[in-house]
Amino acid sequence: MSIILGLETSCDETAAAVVKDGRIVLASELNSQTGIHKKFGGVVPEVAARYHLEAVNEVIQQALDKSGIAPHELTAIACTQGPGLIGTLLVGLSAAKAMSWVLQKPLLTVDHLYAHICANYINTELEPPFICLLVSGGHSQVIHVKAHKDWEILGQTLDDAAGEAYDKVARLLGLGYPGGPMIDKVAREGDSRAFKFPEGTVKGYDFSFSGLKTAVLRTVEKLEKPLPVSDLAASFQDAVNRVLFRKTHQAAMALNVDKIVLAGGVAANKDLRRRFSELDSAGAIKVFMPDLQYCTDNAAMVASCAYFAGVETGLDCTAYSRQAAASI
Ligand code: KG4
Ligand code: ZN
């Protein structure tokens, strides 16, 4: 039996979780800084790092208390090594190193993006191979996961990430931060056919969202106030989700893979989930999507990832802010 404590501090959530055998969450605790960064309209790295430092010990303690697991019973300590904000990553990594050293347990580091994918192992029996649509605040990728430590990026965004596009358009519509969940909410009252926004004409499995963002901007500039915010949000959301769905589906068909998994913050989007649920219901392809709490940043996915694909590292390892070339 394996019981791993995972820590996640790559952006604005201080999270700790205890996960058994990579799939069973015994505790998943999270201290969100969203309220703190709201007034700045986005995450301020230095402010985030300071709040992580204040919260990290308490969040770890809460996770251990809730799980009923004593520190000496842990199999390993895991944390996100990157990519993310370097100052915030170092808080989690330092805490994990300290625990690893004091408890004399292995330190396992994981890549944040691969951790998002591993959220799909929680409470399921999912095994590779599968096609993953990874859509977060910083990345949009279609990935062929062939085995636990063997994957290939089939396509990615050439400019903005899907989550970034959601956040920027939300700001444009005056919906504030964080933008994705706000667009998701107001789009439910809107008509997705009210405005015709372009999908982007990138070949293969790559994406481009900057043209779409500009199209929304031009439309907003021409419209009289008050803006039809719900219709604009619904039409924008439709354009993003349409292309995300189509390319992921195409990849699965072309490679003859019968499983698709969604990962990352945008995988929490209701309309995107509906599209993939319908595909699942059609029968030929089985679709996995994490529970909402495991789509956005959390530590259960870190502990799960450490179980399936963690790398044992020495106490001299350091964090990386950008996507490592050798990783996902
Ligand atoms: O994966 P994540 O929590 O953090 C990163 O690793 O980036 O993703 C955050 C992104 C943000 O851009 C946020 O606006 C978007 O995910 N997001 C959503 C929704 N919930 C979060 N986008 C659309 N609909 C949502 N419901
Ligand atoms: Zn993330």
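In this predicted model, 18 residues surround ligand 1, and those that come nearest are His116, Gly137, Asp167, Asp184 and Gly265. Sorted by character, the shell around ligand 1 holds four nonpolar, 11 polar and three charged residues. Secondary structure offers a helpful way to find one's bearings here: helix 4 (112-118), helix 5 (162-172) and helix 6 (179-187) each contribute at least two residues to the shell around ligand 1.

The setting of the ligand can also be described at the level of domains. Residues of the shell around ligand 1 come both from domain 1 (3-120 + 293-325) and from domain 2 (127-290), so the ligand lies between the two domains. Ligand 1 sits in the largest pocket.

Several polar contacts can be followed atom by atom. Asp167, one of the residues that come nearest to ligand 1, places a polar side-chain atom 2.6 Å from an oxygen atom of the ligand. Gly180 takes part through its backbone, where a polar atom is 3.0 Å from an oxygen atom of ligand 1. Asn269, in turn, has an N or O atom in its side chain that is 3.1 Å from a nitrogen atom of ligand 1. Taken alone, ligand 1 exposes 550 Å², and the protein buries 87% of that area.

Turning to the backbone, a few places in the loops invite a second look. Most residues other than glycine have a negative phi, and most peptide bonds are trans. Against that background, a cis peptide bond joins Gly82 and Pro83, with omega at about -5 degrees. Pro83 belongs to the loop that runs between strand 4 (76-82) and helix 3 (86-103). Another cis peptide bond joins Lys225 and Pro226, and its omega is about -5 degrees. Here the loop in question, the one that contains Pro226, lies between helix 7 (210-222) and helix 8 (229-254). Asp21 draws attention through its phi, which is near 50 degrees, a positive value in a residue other than glycine. Asp21 is found in the loop between strand 2 (13-20) and strand 3 (24-32).

Key
Residues numbered from 1 in each chain as written. Chains lettered and ligands numbered in written order. Predicted model: local features only at pLDDT ≥ 70, side-chain atom pairs only at ≥ 80, totals over all residues. Heavy atoms only, no water. Near = heavy atom within 4 Å. Polar contact = N/O pair within 3.5 Å; in protein donor to acceptor, adjacent residues only side chain to side chain. Areas by Shrake-Rupley, 256 points an atom, 1.4 Å probe, with all protein chains shown as cover. 1 Å grid on protein atoms, 1.4 Å probe; cavity = no way out; pocket = protein on both sides within 12 Å on 5 of 7 lines; lining within 4 Å. Sits in = over half its atoms within 2 Å of the grid points. Helix = DSSP H or I, 4+ residues; strand = E, 2+ residues; numbered from the N terminus. Nonpolar A, V, L, I, M, F, W, Y, C, P; charged D, E, K, R; others polar. Domains from an automatic or database assignment.
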